[in-house]
Amino acid sequence: MKIRKLDKMESPPKELLLLADPSIEMIEDYLNRGETYICEENGQVVAVFVMLATRPGACEIVNIAVRESRQGMGIGRKLIEYSIYTARLKGVKTLEIGTGNSSIGQLALYQKCGFRITGVDRDYFLRHYKEDIFESGIQCKDMIRLSMAL
Ligand code: ACO
């Protein structure tokens, strides 16, 4: 397994990015502004994450996704560990991530990796997404914001 930064000339794995974010418009927007990292196994892209500098000293993981057939095998945790390592090398002091109130597994993963909940952006998904989103029988309405001091 190899994690590397995607070159600007290479095309990002949009089918993976769409697993984490149903809005192609949002994806296109942060792909242009952020840095994309991919994880490859035997030459195949199996996972991706996108890091965005949000303000001085702060970065956010705006998208993280693992190919469905490879989920639950520790790749997501490895990507987050790699993002922490990369952010530290850049001198970033605060790493942030956000996910929906209905994303139970993701909230578990992020807290296991050391992120703490810092706030709730109420109705974020109702304001920014045209389609209703449901996970685990829960409507995704609010963005749970988490952060980690590096
Ligand atoms: N309850 C408790 N713990 C859980 C749950 C759950 N429902 N789901 C995962 N975990 C834990 C695992 O037990 C594991 O803990 P451990 O290391 O102590 O055993 C830990 O989370 C890490 O699991 P991984 O196997 O590393 O996770 P995976 O490789 O599946 O990657 C990811 C996680 C990225 C969320 C992946 O499942 C995925 O791509 N999902 C679809 C896209 C998505 O939802 N992306 C995130 C959206 S938010 C955003 O992008 C900022």
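In this predicted model, five elements each supply at least two residues of the shell around the ligand. Three of these elements are helices, namely α1 (14-20), α3 (75-89) and α4 (104-112), and the others are the strands β4 (58-66) and β5 (94-100). The shell as a whole has 24 residues. By class, 13 of the shell residues are nonpolar, nine are polar and two are charged. V66, G74, G76, R77 and Q106 come nearest to the ligand. The space that the ligand takes up is the largest pocket.

Polar contacts to the ligand come from both backbone and side-chain atoms. On the backbone side, an N or O atom of I64 lies 2.8 Å from a nitrogen atom of the ligand. R77 contributes through its side chain, where an N or O atom is 2.7 Å from an oxygen atom of the ligand. Q106 likewise uses its side chain, with a polar atom placed 2.5 Å from a ligand oxygen atom. The ligand on its own has 1000 Å² of accessible area, and the protein covers 70% of it. R77 and Q106 thus appear both in these contacts and among the residues that come nearest to the ligand.

Helix α1, one of the elements that supply shell residues, includes A20. The relative accessible area of A20 is 39%, so this residue is classed as partly exposed, between the limits of 20% and 50%. A20 and F49 are 29 residues apart along the chain, and 9.6 Å separates their C-alpha atoms.

Two loop residues other than glycine have positive phi values. For N42, phi is near 50 degrees. N42 is placed in the loop that runs between β2 (35-41) and β3 (44-55). With a relative accessible area of 81%, N42 is exposed, because this value is over 50%. For D123, phi is near 65 degrees. D123 belongs to the loop between strand β6 (116-121) and helix α5 (124-128). The relative accessibility of D123 is 32%, which means that this residue counts as partly exposed, whereas N42 is exposed.

Key
Residues numbered from 1 in each chain as written. Predicted model: local features only at pLDDT ≥ 70, side-chain atom pairs only at ≥ 80, totals over all residues. Heavy atoms only, no water. Near = heavy atom within 4 Å. Polar contact = N/O pair within 3.5 Å; in protein donor to acceptor, adjacent residues only side chain to side chain. Areas by Shrake-Rupley, 256 points an atom, 1.4 Å probe, with all protein chains shown as cover. 1 Å grid on protein atoms, 1.4 Å probe; cavity = no way out; pocket = protein on both sides within 12 Å on 5 of 7 lines; lining within 4 Å. Sits in = over half its atoms within 2 Å of the grid points. Helix = DSSP H or I, 4+ residues; strand = E, 2+ residues; numbered from the N terminus. Nonpolar A, V, L, I, M, F, W, Y, C, P; charged D, E, K, R; others polar. Buried < 20%, exposed > 50% of the residue type's maximum accessible area, 1.4 Å probe, protein only.
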